[in-house]
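Please load the model in the viewer and keep the selection panel at hand. The tour proceeds by selections, each followed by a short account of what is found there.

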Amino acid sequence: MKDTKADCQKEIDALKEEILLLEKELVRSQFRLDETQSITNTGSWSWDLTTGRIEWSDMMYRLMGYEPQSIEPSYDVVLSHVFHEDREAYEKNLGLAIDKREDYYLENRMTKTDKSIVKVISRGKCYTNSENELIAMRGTVQNINDFSNLKESVKRLEAYSNILSHDIKSPLRTISSFMGLIKLKISDQVDEESLEYLNLVETAAKEISAIVDDILSIAFIKSERIKKSSFSVDSLFKSIIRDSTDELTVLKGQIVVNSLPDMMEADRVKLRRVFQNLINNAIKYSDPNRPPYIEISCDVENEKYHFSISDNGIGISPENTKMIFDPYFRLHSKEVEGTGIGLAVCKTVVELHGGQIWLEQNEPHGSVFHVVIPSNN
Ligand code: ADP
C-alpha cells in the first residue's frame with residue numbers, strides 16, 4: 001500500500017514536471033507567434049461560434065490602435081474600425097464566406113483609434129462539423145500600408161525614370177546632334193580654342209546621357225525578371241568582341257577565347273551586359289606600359305558554367321575585391337571615365353540567375369573575374 005502511494009506521488013510529480021515543460025513550450029510558442037505577427041504586421045483572431053467567444057492576438061489589438069487585452073474583442077468593434085466606405089464590401093464578403101463555408105480574402109482600409117487609416121488584407125477561414133454546420137472562424141488582418149507605399153514608390157520611380165529617359169535624354173541627344181552640325185558648319189571659321197569648347201559641350205552631353213542610363217539600370221535591374229532562352233555562347237562572345245575591336249586595335253591588344261560550351265540557357269541580353277562590362281573594363285583599366293591581353297574561358301562542372309575573364313591590366317588590390325561590386329564604388333575615378341555602376345549591375349544580374357561573381361588577382365599583373373551560373377538557373 002505504502003509503495004502504491006509512493007508510486008502515485010512519483011507519477012503525479014512526473015506529470016507536474018511534464019505540464020511545467022509544456023507550459024514553458026507554450027509560452028515560447030506564443031512568444032514566437034507574437035514575434036512573427038509583429039514582424040509581418042499581422043494580427044489574428046478566432047471566433048468560436050458554439051460559445052460566441054472571440055479571441056484576438058496582441059497584434060490584432062495593436063492594428064486597430066488598442067493596447068493588448070484593453071477591450072473586449074467583438075465583431076462589432078472590428079466592423080466599427082473597417083473604413084466606412086469599405087464596410088459594405090467587408091460584410092458582403094464575410095456573409096458569402098459564411099453561407100458557402102468558404103475562405104474569404106479582402107483588401108480594405110481600417111480606421112485606427114487615432115483616426116489614421118491603414119490598408120489591410122483581411123483573410124478568414126470557416127470550420128464546420130460533420131453536419132456542415134459552422135462551428136468556428138479564424139482569420140488574420142495584415143497591415144499592408146508599407147507594401148502599398150512601396151507600390152506607390154515603384155510607381156513614382158517609374159515616372160521618374162520616364163522623366164530621365166525622355167525629358168532629359170532627348171534634349172541631350174538634340175544638343176549632341178546640333179553640336180555635331182555646328183562643328184561641321186563652322187569648323188573652318190573658328191579658332192582651335194572655340195572648337196575645343198564645342199567638343200567639351202558635346203562630350204559633356206554624352207557623359208550625362210551615359211550617367212542617366214546607368215542610374216536607370218541600377219534602379220530597375222533588381223526588379224527585372226530573367227527571360228531565359230537557349231543561345232550559342234560562342235556567338236555571344238563573338239558579338240561582344242566585335243564591339244570592342246576598334247579600341248583593341250588602337251591599344252594593340254588581344255582577346256583570346258579558350259574552350260567555351262556550345263549552348264547555354266540563361267537571359268542572353270542580361271548576360272551579354274555582364275560579359276560586355278567585364279571585357280570593357282579589362283580594356284579600359286589596361287596598363288599603359290603593356291598592350292591589353294585578355295583571356296576568356298568557361299568550364300562546365302557540377303551543373304554550373306564557370307566563366308573566367310582575366311586581364312593583365314592595372315589590377316585591383318585585395319582589400320578592394322569585395323567593395324568593387326558596390327554601386328558607385330570607383331578606384332580609378334580620376335584617370336578613366338565611368339560611373340561605378342557596371343560591376344554592381346553585373347553582380348545583380350549574376351545573382352538574379354542564382355549565380356556568383358568574384359574577383360582574384362592575376363599573376364603577375366591584372367585581375368581575373370569569375371562568373372558562375374548554375375545550368376538550371
Ligand atoms: P566604372 O568602370 O564605370 O568605374 P565599374 O563598376 O565597372 O564602374 O567598376 C568599378 C571600379 O572597379 C572601376 O572604377 C575600377 O576602379 C575598378 N575596376 C573594374 N574592373 C577593373 C579591371 N578589370 N581592372 C582594374 N580595375 C577595375
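Throughout this tour, a contact means heavy atoms within 4.5 Å. The model shown is a predicted one.

**The whole chain**

Begin with the entire protein chain, which has 9 helices and 12 strands. Aligned on its principal axes, the C-alpha trace spans about 110 × 60 × 35 Å. The radius of gyration of the protein chain is 33 Å, whereas a compact globule of 377 residues would have one near 21 Å. Colour by accessibility next: 36% of the 377 residues count as buried. The exposed area of the protein chain is about 23500 Å², with 54% of it supplied by carbon and sulfur atoms. For contacts between residues at least 6 apart in sequence, 58% join residues at least 24 apart. Selecting the charged side chains gives 46 positive and 61 negative ones, and the centres of these two sets lie 2 Å apart.

**Strands S1, S4 and S5**

Now select strand S5 (residues 134-143) together with strand S1 (residues 42-48); the two pair in the antiparallel sense over 7 bridges. Add strand S4 (residues 117-128), which pairs with S5, also in the antiparallel sense, over 9 bridges. Which residue of S5 is the bridge partner of Ser44? Thr140 is that partner, and Thr140 is likewise the bridge partner of Arg123. While the strands are on display, one general point may guide the eye: in a regular strand, side chains alternate between the two faces of the sheet.

Move to the hairpin of S4 and S5, where 5 residues stand between the strands. Among them, select Asn132, which takes a positive phi near 60°.

**Ser57**

Select Ser57, in the loop that runs between strand S2 (53-56) and helix H2 (58-64). Is Ser57 buried or exposed? Ser57 counts as buried because its relative accessible area is 11%, and the cut-off for buried is under 20%. Setting aside residues up to four places away in sequence, Ser57 touches Gln37, Gly43 and Ser44. Ser44 is the residue already seen bridging to Thr140 of S5.

**Lys228**

Finally, go to Lys228, found in the loop between helix H6 (192-221) and strand S6 (229-232). With a relative accessible area of 42%, Lys228 is partly exposed. To close, draw a distance from Lys228 to Tyr90: C-alpha to C-alpha, the two are 42 Å apart in space, and 138 residues separate them in sequence.

Notes:
Residues numbered from 1 in each chain as written. Predicted model: local features only at pLDDT ≥ 70, side-chain atom pairs only at ≥ 80, totals over all residues. Heavy atoms only, no water. Helix = DSSP H or I, 4+ residues; strand = E, 2+ residues; numbered from the N terminus. Rg over C-alpha atoms; globule rule 2.2 N^0.38 Å. Buried < 20%, exposed > 50% of the residue type's maximum accessible area, 1.4 Å probe, protein only. Areas by Shrake-Rupley, 256 points an atom, 1.4 Å probe, with all protein chains shown as cover. Lys, Arg positive; Asp, Glu negative; His and termini not counted. Charge placed at Lys NZ, Arg CZ, Asp CG, Glu CD. Pairing = 2+ DSSP bridges.
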